[in-house]
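Q: I have a model open and want to read its features. Where do I start?

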Amino acid sequence: MNVASALEWLRGSPLLGLALTLAAYRLALWLNRRAHGHPLTNSVLIGSVLVIAVLLGCGIKPEEYLKGAQLIQLLLGPATVGLAIPLYHNLARLKRAALPLTLTLLAGGLTGILSAVGLGMAFGLPHEVLLSLMPRAVTTPIAIGIAENIGGIPALAVTFVIVSGIFGAVVVKPLFTRLRLDDDLVLGVATGISAHGIGTARVFLLSETAGAFAGLAMGLNGLVTAVLVPVLLSLIHL
């Protein structure tokens with residue numbers, strides 16, 4: 001089998017997306033460690049750029065890549081359940097913070113929606129794009145469901161979700177250092193509300209406890225956003 005035939009076989013195989021994703025993430029992780037964890041070398045950011053570069057450079061269609069990449073999504077379920085372990089170890093602290101946590105979720109969810117839509121309106125973005133922006137702070141499956149139900153564009157909503165997550169993961173550490181905040185609860189909840197799973201993965205590297213709170217905030221913010229978006233749409237007639 002020559003090189004051209006091998007590449008053609010690989011393009012039609014589910015192994016392409018799986019192997020490319022793992023290789024890109026491994027290389028991105030190596031670069032991040034070589035840069036001593038610099039925020040701009042965030043492994044998700046670098047990994048995404050590498051995958052996009054390979055897809056464009058080799059003329060591989062997104063559908064071909066997703067055949068194998070979807071296998072990785074199967075691991076998201078067990079990984080999410082695993083977040084409950086460190087959260088259980090901080091159950092007493094969580095109970096004490098129940099009221100401020102609830103208020104923070106409502107304020108954070110509302111701010112995430114209105115700030116995105118407000119900026120979109122200021123730049124004169126089309127109606128469908130504004131609707132797609134509304135769920136940008138929640139996890140991808142929830143964002144797709146919300147966008148479909150309110151008339152947004154699911155693919156565009158996913159793009160906004162990924163960009164929001166990468167941005168949050170990049171800025172969270174420098175921002176908290178500049179603000180001189182070192183509370184795991186604050187770090188985790190703020191990141192989970194604003195940067196969902198990608199931000200949660202980032203703060204897990206900083207603190208296991210903060211990562212657990214980020215996972216909790218991420219899940220609850222998905223619920224809050226799913227309720228707030230239709231209510232806001234009925235009020236502002238977007």
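Q: How does the length of helix H2 compare with its expected span?
A: Helices (H or I, at least four residues) are DSSP runs, numbered from the N terminus. The expected span is 1.5 Å times one less than the number of residues. H2 covers residues 15-34, so its 20 residues should span 28 Å; its end C-alpha atoms are 28 Å apart, which agrees. This is a predicted model: local features need pLDDT of at least 70, side-chain atom pairs count only at pLDDT 80 or more, and totals for chains, interfaces and linings use all residues. Residues are numbered from 1 along each chain as its sequence is written, and side-chain values use heavy atoms, with hydrogens and water left out.

Q: Which residues of H2 are buried?
A: Buried means under 20% relative accessible area (1.4 Å probe, protein chains only). In H2, the buried residues are Leu16, Gly17, Leu20, Thr21, Ala24, Ala28, Leu29 and Asn32. Just after H2, His36 takes a positive phi of about 55°.

Q: Is Leu187 buried or exposed?
A: Leu187 sits in helix H12 (residues 184-206). Leu187 counts as buried because its relative accessibility is 10%.

Q: What does Leu187 touch?
A: Contact means heavy atoms within 4.5 Å. Not counting residues up to four places away in sequence, Leu187 touches Val172, Phe176, Val203, Leu206 and Ala210.

Q: Which residues form the largest nonpolar core?
A: Such a core is a set of buried Ala, Val, Leu, Ile, Met, Phe, Trp, Tyr and Cys residues joined through side-chain atoms within 4.5 Å. The largest has eleven residues, including Ile113, Leu131, Ile146 and Leu228. H13 gives the most to this core, with five residues.

Definitions and conventions
Helices (H or I, at least four residues) and strands (E, at least two) are DSSP runs, numbered from the N terminus. Buried means under 20% relative accessible area, exposed over 50%, partly exposed in between (1.4 Å probe, protein chains only).
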